[in-house]
Amino acid sequence: MAPSTGQRLLRFDRRLGARLVAGADEAGRGSLAGPLVVAGVLLDYETLRGARVRPLAALNDSKQVDPDERERLFHAVLGCAAGVSLRVIPSAAIDRDGLHRSNLWGLRTVLADLERAELCLVDGFRLGPLAPPHRAVVDGDTKSAAIAAASIVAKVTRDRLMRRLDALYPAYGFSSHVGYITPGHTAAVRRHGPCSQHRRSFNAKAYAPAAEAA
């Protein structure tokens, strides 16, 4: 029988030889509206065995699982993790500091929170000398259980926040597109103008008048 996605990701981390492995990832980097949410998850591979690890059998990159499965995995990760850290970076901070700088800050700080980690993994790129010692894993959310777990926590947390924002700003349909650019979102921004949750520093066609965009 082929191993489950979770088994494959957990095996990747175990082969690195550390007991306490932290992973970090973010959700909302490409969104036009809403916060950037960064999560860090610490897994203890000494205790993550047997019945304790079974809920992670379907663990995968958050983009590869449907919303219901993400919710189930979110609770599974919280039940299995030795530590979890979150940063929610609002649109105003992204406009002020820049997206990449905001993302780096979030990833550095969630890993710093997980100070018991013997090994820190981050999806994609290195975080610079201000971060705790870490290893960048290209496409890490599809390879490492710790990074995939962080991607689940970040994505579910952000989607929940966007549903709350939808109640405050019902004209934009945040609960359906969670802030990403879609034809409906673009039309709403052109009709009503951007709200305080939109990232005004982004050079998006949605901000152009309809005639100019055409």
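This report walks through the pockets, a helix pair and a handful of single residues in a predicted model.

## Ground rules

Residues are counted from 1 along each chain as its sequence is written, and side-chain values use heavy atoms, with hydrogens and water left out. Because the model is predicted, local features need pLDDT of at least 70 and side-chain atom pairs count only at pLDDT 80 or more, while totals for chains, interfaces and linings use all residues.

Helices (H or I, at least four residues) and strands (E, at least two) are DSSP runs, numbered from the N terminus.

## The largest pocket

Let's start with open space. A pocket here is an open set of points on a 1 Å grid over the protein atoms alone, where a 1.4 Å probe fits, with protein on both sides within 12 Å along at least five of seven lines; lining residues have an atom within 4 Å of a point. Grid points are joined across faces, edges and corners, and a volume is the space filled by probe spheres set on the points. On that basis, the largest pocket holds about 240 Å³.

Its lining is made of 13 residues, and those nearest the centre are Glu 26, Ala 27, Gly 28, Lys 63 and Tyr 180. Strand 1 (20-27) and helix 5 (145-168) each chip in at least two lining residues. Sorted by class, the lining has eight charged, three polar and two nonpolar residues. For these classes, Asp, Glu, Lys and Arg count as charged; Ala, Val, Leu, Ile, Met, Phe, Trp, Tyr, Cys and Pro as nonpolar; and the others, Gly among them, as polar.

## The second largest pocket

The second largest pocket has a volume of about 160 Å³. Its walls are Val 88, Ile 89, Ala 93, Asp 97, Arg 101, Ser 102, Leu 104, Trp 105 and Arg 108. Strand 3 (83-89), helix 3 (91-97) and helix 4 (99-113) are the elements that give two or more residues to this lining.

Helix 4 gives the most, with five residues. By class, the second largest pocket is lined by five nonpolar, three charged and one polar residues.

## Helix 1 against helix 5

Helix 5 turns up again here. Its axis and that of helix 1 (residues 5-14) come within 7 Å and cross at roughly 125°. Axes are lines fitted to C-alpha atoms, for helices over the stretch in contact, and angles run from 0 to 180 degrees between N-to-C directions. The crossing makes helix 1 oblique to helix 5. Angles under 35 degrees count as roughly parallel, over 145 as roughly antiparallel, 65 to 115 as roughly perpendicular, and the rest as oblique.

Who touches whom? Leu 9, Leu 10 and Asp 13 from helix 1 meet Ala 145, Ala 146 and Ala 148 from helix 5, where contact means heavy atoms within 4.5 Å. Five of the residues in this contact are nonpolar and one is charged, with no polar ones.

## Two unusual phi angles

Most residues other than glycine have a negative phi. Asp 139 goes the other way: its phi is positive, about 55°, although it is not a glycine. You'll find Asp 139 in the loop between strand 5 (135-137) and helix 5. Asp 139 is partly exposed, with a relative accessible area of 48%; the labels are buried for under 20%, exposed for over 50% and partly exposed in between (1.4 Å probe, protein chains only).

Val 178 also has a positive phi, about 45°, without being a glycine. Val 178 sits in the loop between helix 6 (174-177) and helix 7 (183-192). At a relative accessible area of 11%, Val 178 is buried.

## A few residues in loops and helices

Ser 62 belongs to the loop between strand 2 (36-44) and helix 2 (67-80). Ser 62 is buried, at 6% relative accessible area. Leaving out residues up to four places away in sequence, Ser 62 touches Arg 70, Ser 151, Ile 152 and Lys 155. Arg 49 is found in the loop between strand 2 and helix 2, and counts as partly exposed at 49% relative accessibility.

Leu 130, in the loop between strand 4 (119-123) and strand 5, counts as exposed at 69% relative accessibility. Over in helix 6 is Ser 175, which counts as partly exposed at 41%. Not counting residues up to four places away in sequence, Ser 175 touches Met 162, Arg 163 and Asp 166.
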